[in-house]
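Open the model in your viewer and keep the selection box at hand. The tour goes from chain to sheet to helix, one selection at a time.

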Amino acid sequence: MKLSTILATGITLSCLSVNALALTIGFAQVGSESGWRTSFSESVKAEAKKRGIDLKFSDAQQKQENQIKAVRSFIAQGVDAIIIAPVVETGWKPVLREAKRARIPVVIVDRNIQVGDDSLFVTRIASDFSEEGRKAAQWLMDTTQGNCKIVELQGTVGATAAIDRAQGFNDVIGKYPNANIVRSQTGEFTRTKGKEVMESILKAENGGKGVCALWAHNDEMALGGIQAIKEAGLKPGSDILVVSVDGVPDYFKAMADGDANATVELSPHLGGPAFDVIEKYLGGDKNIPKLISTTGDLFTQDTAAAEYQKRRLQ
Amino acid sequence: MSTRYLPLYVTGALLSLLFGLGAIQFDGFGSMRVVLNLFSDNAFLMITAIGMTLVIISGGIDLSVGSVIALSGVLCGLLIGEYGWHPLAAFALILPLATLFGAIMGMWIHVYKLQPFIVTLAGMFFARGLATMLSEESIAIDHPFYDAVADFGFSLPGNAWLGTSTLLLLLVLVVAVLVMHYSRFGAYVYALGGNHQSAELMGVPVAKATIGIYATSSFLAALAGIVFTFYTFSGYALTAVGTELDAIAAVVIGGTLLTGGSGFVVGTILGVLMMGVIQTYIIFDGSLSSWWTKIVIGLLLFFFIVLQKLLNRGRVQHA
């Protein structure tokens with residue numbers, strides 16, 4: 001009698017815990033077009049495994065129609081929640097309405113979406129680009145005591161990341177009267193363009209004399225800029241400080257070598273926060289902000305060598 | 001007689017097998033909802049592929065359809081989203097324009113005796129280039145008409161939804177089957193693909209038929225582009241890249257001879273469903289790489305080409 005009660009309780013409990021753990025979550029990923037995207041996918045898969053979540057992963061091969069198909073299949077399958085990393089901002093209204101009708105919560109990660117109706121998704125989890133700009137600027141101001149002639153390599157014209165990073169950076173240096181941006185041009189987020197533009201900036205700035213820092217909207221452009229500084233006969237990292245955003249392995253190597261100074265990491269680990277939100281929402285707590293920021297930390301030369309080893313192996 | 005229908009039976013059998021496999025393995029797979037999703041998700045591809053079936057049966061090929069879908073979508077986005085046109089007015093402009101576009105390609109193919117491959121390749125670049133020039137960004141369409149389109153439909157048992165896109169597709173399908181089997185135009189299409197010269201001798205108006213075929217294909221591609229905007233509520237120049245190849249694959253898997261002269265519109269629908277079921281299976285599984293879709297379709301294509309070759313040889317020996 002006693003034994004059977006214990007057994008019964010045990011079975012009930014284990015059933016309950018299995019039910020509580022075995023969430024099925026569909027994840028509609030854009031594709032695997034970049035190293036950052038791949039580490040993002042791998043990070044979500046690893047996090048799901050750790051939490052015992054049954055993850056349905058779909059790679060849309062950069063096509064929105066594939067993403068929509070995947071989401072509709074997730075709905076037909078009756079998953080507990082859906083995560084979408086949208087390939088473009090537009091075009092999500094019909095499928096999100098379908099998810100809402102089926103009472104399946106949707107979490108948007110990374111890029112933004114345009115839907116008139118906020119209630120179609122639980123929240124968006126993304127890095128706050130202007131926060132990244134503010135962090136980079138704050139580090140630079142602290143390092144130079146607010147005395148700095150800065151040159152800026154902007155991202156692609158019109159890209160949200162470029163606009164918001166510039167704005168965040170400018171907000172901070174605006175508070176320091178002796179800091180200002182003397183040259184600003186787009187390097188289109190690429191290494192080659194970054195180098196080219198930096199070369200012409202250095203020429204225009206009297207060979208780079210008097211320039212105190214290079215602020216690049218991403219690591220790739222910064223790496224191109226470093227190359228240009230070297231070729232102009234200056235020492236990047238000391239003659240001209242270099243600060244940027246992303247945290248790619250090559251940039252950590254440049255920091256370890258003393259050629260670059262700081263970067264704000266764009267975290268690919270969006271799975272953890274997304275699952276946290278979903279668990280909270282399914283647990284009955286509907287009080288969730290519409291934007292959750294996952295801005296990464298700022299890394300400097302101090303930890304660069306160790307971080308490079310860690311990241312190279314990933 | 002039976003060899004003519006054999007590829008159709010094979011596709012049908014493989015389709016049922018794969019669907020059955022999915023239904024046994026996954027909860028919710030063998031449902032009305034999934035079946036209707038297959039139609040509504042792939043409605044634009046099916047409409048395009050119906051046009052492609054006509055072209056291929058006539059012995060040609062149309063590589064421009066994917067770009068025409070994108071161009072039609074971008075025009076919808078611009079006219080409705082930016083200039084505030086009523087969607088019906090926009091459609092009334094886009095569909096005739098696309099038909100004209102196809103007719104011009106057909107004319108070139110006929111008058112200058114050019115390879116359809118190269119003419120429609122030019123059409124493909126032209127339409128994609130134009131679409132991208134008109135707008136590099138995806139344009140959102142927010143119009144009450146679109147909301148009405150999205151809400152229109154019939155609820156079926158099993159949480160299934162028979163929506164506008166599927167209904168449009170079914171209409172196109174019925175018309176296409178009727179035209180192909182009960183009209184003079186349909187007979188011309190088969191005759192052209194069978195043997196171009198004897199078709200001419202038999203009195204088929206080759207010029208009219210060729211122009212009509214490519215005009216139809218472009219018209220259906222533009223219609224598919226409109227259906228695609230119902231799907232995404234936006235127009236984007238980079239949609240449907242490579243859709244022409246998906247359509248060709250569906251046509252071949254559906255049992256149409258690539259050399260022309262033989263094939264069925266219904267087979268093409270089965271071909272698209274096949275591709276859709278593979279994709280759905282992979283999404284339901286959730287751990288297989290999505291690239292398996294392409295691998296399996298590649299293998300299927302290969303299998304069907306060999307099958308066609310064998311059947312053709314058999315036919316020649318019988319004759």
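Two strands count as paired if DSSP finds at least two bridges between them. Keep that cut-off in mind for the two sheets below. Note too that this is a predicted model.

**Chain A, whole**

Select chain A. Its C-alpha trace spans about 90 × 45 × 35 Å along the principal axes. Chain A holds eleven helices and twelve strands. Of its 314 residues, 46% count as buried. Now consider contacts in chain A with a separation of 6 or more: 74% of them come from residues 24 or more positions apart.

**Two domains**

Colour residues 2–127 plus 268–283 of chain A as domain 1, and 129–266 plus 300–313 as domain 2. How far apart do the C-alpha centres of domain 1 and domain 2 of chain A lie? The distance is 35 Å.

**The parallel sheet**

Select strands 1, 2, 3, 4, 5 and 11 of chain A. These six strands form an open sheet in the order 2-1-3-4-5-11, with parallel pairing. Strand 2 (54–59) and strand 11 (291–293) of chain A are at the edges; each has a single partner strand, so one side of each has no neighbour in the sheet. From one strand to the next, the twist averages 20°.

Zoom in on strand 1 (24–29) of chain A. Six bridges pair it with strand 2 of chain A, in the parallel sense. Pick A:Ala28: its bridge partner in strand 2 is A:Ser58.

Move to strand 5 (123–126) of chain A. Are its two faces covered or open? Both are covered. A:Thr123 and A:Ile125 are buried on one side, A:Arg124 and A:Ala126 on the other. In general, side chains of a regular strand alternate between the two faces of the sheet.

Strand 5 of chain A also has a partner on each hand. Strand 4 (106–109) of chain A joins strand 5 through three bridges and runs parallel to it. Look for A:Val109, whose bridge partner in strand 5 is A:Ile125. Strand 11 of chain A is likewise joined to strand 5 by three bridges, again parallel. Here A:Arg124 has A:Leu291 as its bridge partner.

**The mixed sheet**

Next, select strands 6, 7, 8, 9, 10 and 12 of chain A. They make an open sheet of six strands in the order 7-6-8-9-10-12, and the pairing is mixed. Which strands stand at the edges? They are strand 7 (179–186) and strand 12 of chain A; with a single partner strand each, one side of each is left without a neighbour in the sheet. The twist averages 20° from one strand to the next.

For an antiparallel pair, show strand 10 and strand 12 of chain A, which are joined by three bridges. Label A:Ala262 and its bridge partner in strand 12, A:Thr300.

**Helix 5, across the mixed sheet**

Select residues 129–144 of chain A. This is helix 5, with 16 residues. It reaches 23 Å from its first C-alpha to its last, close to the 22 Å expected at 1.5 Å a residue. Helix 5 of chain A lies across strands 6, 7, 8, 9, 10 and 12 of chain A, and runs at about 160° to strand 9.

Now show its buried residues, including A:Phe129, A:Arg134, A:Lys135, A:Trp139 and A:Leu140. What do the buried residues of helix 5 pack against? Their neighbours include strand 6 (148–154), helix 6 (160–173), strand 8 (213–216) and strand 9 (241–246) of chain A. Step past the end of helix 5 to A:Gln145, where phi is positive, near 50°.

**Helix 7**

Select residues 191–204 of chain A. Helix 7 has 14 residues, which should span 20 Å at 1.5 Å a residue; its end C-alpha atoms are 20 Å apart, so the two agree. Its buried residues are A:Gly194, A:Lys195, A:Val197, A:Met198, A:Ile201 and A:Leu202. Strand 6, strand 7, strand 8 and helix 8 (219–231) of chain A are among the elements that cover them. Just after helix 7, A:Asn206 takes a positive phi of about 60°.

**Last stop: the contact with chain B**

Bring chain B back into view. The contact takes 25 residues from chain B and 24 from chain A. On chain B, helix 2 (32–57), helix 10 (206–232) and helix 12 (265–285) each supply at least two residues of the side that touches chain A. By class, that side of chain B has nine nonpolar, 13 polar and three charged residues.

How values were computed
Residues numbered from 1 in each chain as written. Chains lettered and ligands numbered in written order. Predicted model: local features only at pLDDT ≥ 70, side-chain atom pairs only at ≥ 80, totals over all residues. Domains from an automatic or database assignment. Helix = DSSP H or I, 4+ residues; strand = E, 2+ residues; numbered from the N terminus. Buried ≥ 20, exposed ≤ 12 C-beta atoms within 10 Å, placed from the backbone. Contact = placed C-beta atoms within 7 Å. Expected span 1.5 Å × (residues − 1). Nonpolar A, V, L, I, M, F, W, Y, C, P; charged D, E, K, R; others polar. Axes fitted to C-alpha atoms, helices over the stretch in contact; angles between N-to-C directions.
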